[in-house]
Amino acid sequence: YLCEFIRKDTGESDFYKFGCTGKKSAMLRFNDPDFPDDAYPYRHWNIKIICEVRLPPVRALEMEWNLQEKYPKNFWIDEQFKFKGIREVFRTNDKNFVTDMIQLFEQLANEWPEYN
């Protein structure tokens with residue numbers, strides 16, 4: 001999946017995150033009912049899922065590693081905002097980034113139609 005984290009206090013895009021999840025959808029990865037509201041690690045952001053694709057687990061992990069190489073983490077999250085999966089977060093000014101990622105995910109979905 002690829003998602004955008006938008007700060008609730010400013011309404012501004014803060015960063016992007018990609019990753020793999022064993023959940024049925026990317027949004028379920030961020031909506032854990034076991035967290036009370038005040039302990040929810042993502043409470044400072046609105047999370048917008050941009051695209052997601054289902055892949056065989058080995059291919060999904062390979063894709064995540066490839067994306068980490070291409071888009072390495074390039075900022076630090078304040079200690080008060082820390083959460084799991086912070087290796088796969090980054091900021092970019094590339095205006096084509098989202099379009100390129102959507103095309104990549106569509107290509108992957110076409111390569112693995114039995115999963116999508």
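**Note on the sheet, one helix and the cysteines**

1. Strands β1 and β2 pair in the antiparallel sense, over five bridges. Two strands pair if DSSP finds at least two bridges between them. Strands themselves are DSSP runs of E with at least two residues, helices are runs of H or I with at least four, and both are numbered from the N terminus. The model is a predicted one: local features need pLDDT of at least 70, side-chain atom pairs count only at pLDDT 80 or more, and totals for chains, interfaces and linings use all residues. Residues are numbered from 1 along each chain as its sequence is written, and side-chain values use heavy atoms, with hydrogens and water left out.

2. Now the whole sheet. It is open and has four strands, in the order β3-β1-β2-β4, with antiparallel pairing. The edge strands are β3 and β4, and each of them pairs on one side only. Strands of a sheet pair through backbone hydrogen bonds, either parallel or antiparallel. Here β1 and β3 run antiparallel and are joined by six bridges. Two bridges link β2 and β4, again in the antiparallel sense.

3. Which residues face each other across the strands? Start with β1 and β2: leucine 2 stands opposite phenylalanine 18 in β2. Cysteine 3 stands opposite lysine 17 in β2. Phenylalanine 5 has phenylalanine 15 as its bridge partner in β2, and it also stands opposite isoleucine 47 in β3. On the way to the edge strand β4, tyrosine 16 stands opposite phenylalanine 90.

4. Look at how covered β1 is. Six of its six residues are buried; buried means under 20% relative accessible area, exposed means over 50%, and partly exposed is in between (1.4 Å probe, protein chains only). In a regular strand the side chains alternate between the two faces of the sheet. In β1, Leu2, Glu4 and Ile6 point one way, while Cys3, Phe5 and Arg7 point the other way. Strand β2 has five of its six residues buried, so it is largely enclosed by the rest of the structure.

5. Next, the hairpin of β1 and β2. Five residues lie between its strands, and glycine 11 takes a positive phi near 75°. Aspartate 9 sits in this loop, between β1 (2-7) and β2 (13-18). Is aspartate 9 buried or exposed? It is exposed, at 57% relative accessible area. Its side chain makes a polar contact of 2.8 Å with the side chain of arginine 7. A polar contact is a pair of N or O atoms within 3.5 Å; within protein, one must be able to donate a hydrogen and the other to accept it, and residues adjacent in sequence count only if both atoms are side-chain atoms. Aspartate 9 is 56 residues from tryptophan 65 in sequence, and 32 Å from it in space, C-alpha to C-alpha.

6. Glutamate 88 deserves a look. It lies in the loop between α2 and β4. Its relative accessibility is 4%, so it counts as buried. Its side chain has a polar contact of 3.0 Å with that of glutamine 68 and one of 3.5 Å with that of lysine 17. Leaving aside neighbours within four places in sequence, glutamate 88 is in contact (heavy atoms within 4.5 Å) with Tyr16, Lys17, Phe18, Glu64 and Gln68.

7. Helix α3 passes a length check. It has 15 residues (97-111), which at 1.5 Å a residue should span 21 Å; the end C-alpha atoms are 21 Å apart, which agrees. The expected span is 1.5 Å times one less than the number of residues. Phe97, Met101, Phe105 and Leu108 are buried in α3. They cover an arc of only 65° around the axis, which puts them on the same side of α3. That arc is taken from the directions from the helix axis to the C-beta atoms. What covers the buried residues of α3 includes β1, β2, β3 (45-51), α2 (57-70) and β4 (89-90).

8. Last, the cysteines. How many disulfides does a search of the whole structure find? Zero. A disulfide is a pair of cysteine sulfur atoms within 2.5 Å. The sulfur of cysteine 3 is 9.6 Å from the closest cysteine sulfur, in cysteine 51, and that is too far for a bond. Cysteine 20 is in no disulfide either; its nearest cysteine sulfur, that of cysteine 3, is 12 Å away. Cysteine 3 is buried, at a relative accessible area of 0%, whereas cysteine 20 is partly exposed, at 31%.
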